[in-house]
Structure formats: structure tokens, C-alpha cells
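User: I am new to this structure and would like to be guided through it by questions and answers. Please show it to me before we begin.

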Amino acid sequence: MAAMCAYVLVAEDEPRQAELIGRFLARENHSFLLVDDGRKALDEIRGRRPDLLVLDLMLPGVDGWDVCRAVRSEDADLPVLVISARAEADDKLLGFDLGADDYLAKPYDPRELMARVRALLRRSGTTGTPARRALRVGELELEPMRHEVRVAGRLVACTPAEFRILAVLAAEPGRVFSRAQLLEDAYGLDGFITERTIDVHVRNLRRKIEADPAAPAYLLTVYGIGYKISDGSGRGR
Ligand code: CA
């Protein structure tokens, strides 16, 4: 069974804080996007709805309060975890008034942040059945219910076999799968299919989803082991 994988939007204008949050999210196999102002956060929420918003209150441009207000007027279900400096801690109640689901004061322990993230995702049901949920890795999107693959919004036609392999990899970005594991997870134990078949499917997939199939950004070979999927940038930005 694939681990849970959510798409988390992080609005935080302090680069080191943002990178730290990203590192912890990646460690738990979540895909994420870091934005450094409220306007970008709102654009992203309206474009590709995240599963969770981690929101710093003091942001340049549109601040966290306005983002929270806008989110709540447009999308009642998006879980919002507000983080803010101690000096803003008095705004805790205001944060909840605005519809934040949880609140964490800076400085915080990233493990505490991740515990809150897990709790919020569990509560919102995001982490239920990964095979039926949309999967997102960088600009790559999979819609299992419709068997659709998109790269940067462009629809890519995949065969069912290719889709299954991609879905297994995309459910756990960064995890390395051996060919044998991919065979088992994507096909079950089917005697007709050999590990060489995986290589053929991967080659075809690269032609379809990679800008440069010879230098893939998503479907990476791990020499001597197998394959893994990457977010296309390696940094989540
Ligand atoms: Ca800030």
C-alpha cells in the first residue's frame, strides 16, 4: 500500500523557514510548493487546489489574514495551518476567527509542525485511499479516477500499463522502486510480464512526459536498483 501523499502549499516569506518546512514535507513524501507572498498563495489555491495550506501571517503584499479570509470565502474545506512569530501570538484567536484550523507560534519544532500537518490531513480525509486521489509531483498530475496524466496542464495519453507504473511512482515521490517492486505493485503477480517490460514502459513514458527524454527530470533511473520519480526541480520551487 502506498503511503499518504498530499500536496501542501507553504506561504512563508523567510527562505530558511520555507526550505526547512519543505524538507520535512518531502521527508514524509508530500509534494509541496513554496510561495513567498500572499498573492502567489491565492493564485495557486485558485489554480491547483492544495490539500493543505501552511500560512505565515506576516507576508508581503497580501498578508496571511487576508489570504485566510479569501480562502474561507471561496473554499470552506481547505485545511489551513497558521504559523506566526511570538509577537503575533495575540492574534491566535483572530486566526481561528478567520477560519484557521490550527495555529503554531514561531519558533517551533519542525516535528511539531509535521504532527499538526498529519493531524489536519487525517481529519480532512486527504490521506485515505491514495489510488483514488489525484497525485501531483511538480508539474506532473495524475487523476486516477479518470486515468488522466497532465504535464504542466497538457494532457498526455498513456496506456493503462504506463499509467499504473507512473501512479505507483508518483504516490511516493523520491522513493526508489526496484523493477521487481514496480512489477508487483503495478501489475500484481502476473507471469507474462518481465522486468524488461518495465524498462520499455519507462522509456515510452519519458517520451511522453519529459521535455528531454534523454535527460529526464521526473522519471529518474537509480543505477543498479530501479526507478524513482522526482518533482522535476528537486527543490519544490
Ligand atoms: Ca513572515
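The questions below concern a metal site, a sheet and two helix pairs.

User: Which residues are the protein donors of the calcium ion?

Analyst: The model discussed here is a predicted one. In this model the donor atoms lie 2.1 to 2.3 Å from the calcium ion. Along the chain the donors follow the spacing D-x42-D-x1-M. The protein donors are Asp13 (OD), Asp56 (OD) and Met58 (O).

User: Is Asp56 buried or exposed?

Analyst: Asp56 has a relative accessibility of 1%. Buried means under 20% relative accessible area. Asp56 therefore counts as buried.

User: How does Met58 count in terms of relative accessibility?

Analyst: The value for Met58 is 45% relative accessibility. The class of partly exposed lies between the buried limit of under 20% and the exposed limit of over 50%. Met58 therefore counts as partly exposed.

User: What is the order of the strands in the open sheet of three strands?

Analyst: The pairing in this sheet is antiparallel. Its edge strands, each of which pairs on one side only, are strand 10 (177-178) and strand 11 (219-222). Strand 11 and strand 12 (residues 226-229) pair over four bridges. The order is 10-12-11.

User: Which residue in strand 12 does Leu220 stand opposite?

Analyst: Strand 11 covers 219-222, and strand 12 covers residues 226-229. These two strands pair in the antiparallel sense. The residue opposite Leu220 is Lys228.

User: What angle does the direction of helix 8 make with that of strand 11?

Analyst: Helix 8 (residues 195-209) packs on the sheet and touches strand 11 and strand 12. Helix 6 (residues 160-170) also packs on the sheet, touching strand 10, strand 11 and strand 12. The direction of helix 8 makes an angle with that of strand 11 of about 145°.

User: How are helix 2 and helix 3 oriented, roughly parallel or roughly antiparallel?

Analyst: The axes of helix 2 (residues 38-47) and helix 3 (residues 64-74) come within 10 Å and cross at roughly 15°. Angles under 35 degrees count as roughly parallel. Helix 2 is therefore, with respect to helix 3, roughly parallel.

User: Which residues of helix 1 make the contact with helix 5?

Analyst: The axes of helix 1 (residues 15-27) and helix 5 (residues 110-124) come within 10 Å and cross at roughly 55°, so the two helices are oblique to each other. On the helix 5 side the contact is made by Pro110, Arg111, Leu113, Met114 and Val117. On the helix 1 side the residues are Leu20, Ile21, Phe24 and Leu25.

Methods
Residues are numbered from 1 along each chain as its sequence is written. This is a predicted model: local features need pLDDT of at least 70, side-chain atom pairs count only at pLDDT 80 or more; totals for chains, interfaces and linings use all residues. Side-chain values use heavy atoms; hydrogens and water are left out. Donors are N, O and S atoms within 2.8 Å of the metal (3.2 Å for Na, K and Ca); water is not among the atoms, so sites may look incomplete. Buried means under 20% relative accessible area, exposed over 50%, partly exposed in between (1.4 Å probe, protein chains only). Two strands pair if DSSP finds at least two bridges between them. Contact means heavy atoms within 4.5 Å. Axes are lines fitted to C-alpha atoms, for helices over the stretch in contact, and angles run from 0 to 180 degrees between N-to-C directions. Angles under 35 degrees count as roughly parallel, over 145 as roughly antiparallel, 65 to 115 as roughly perpendicular and the rest as oblique.
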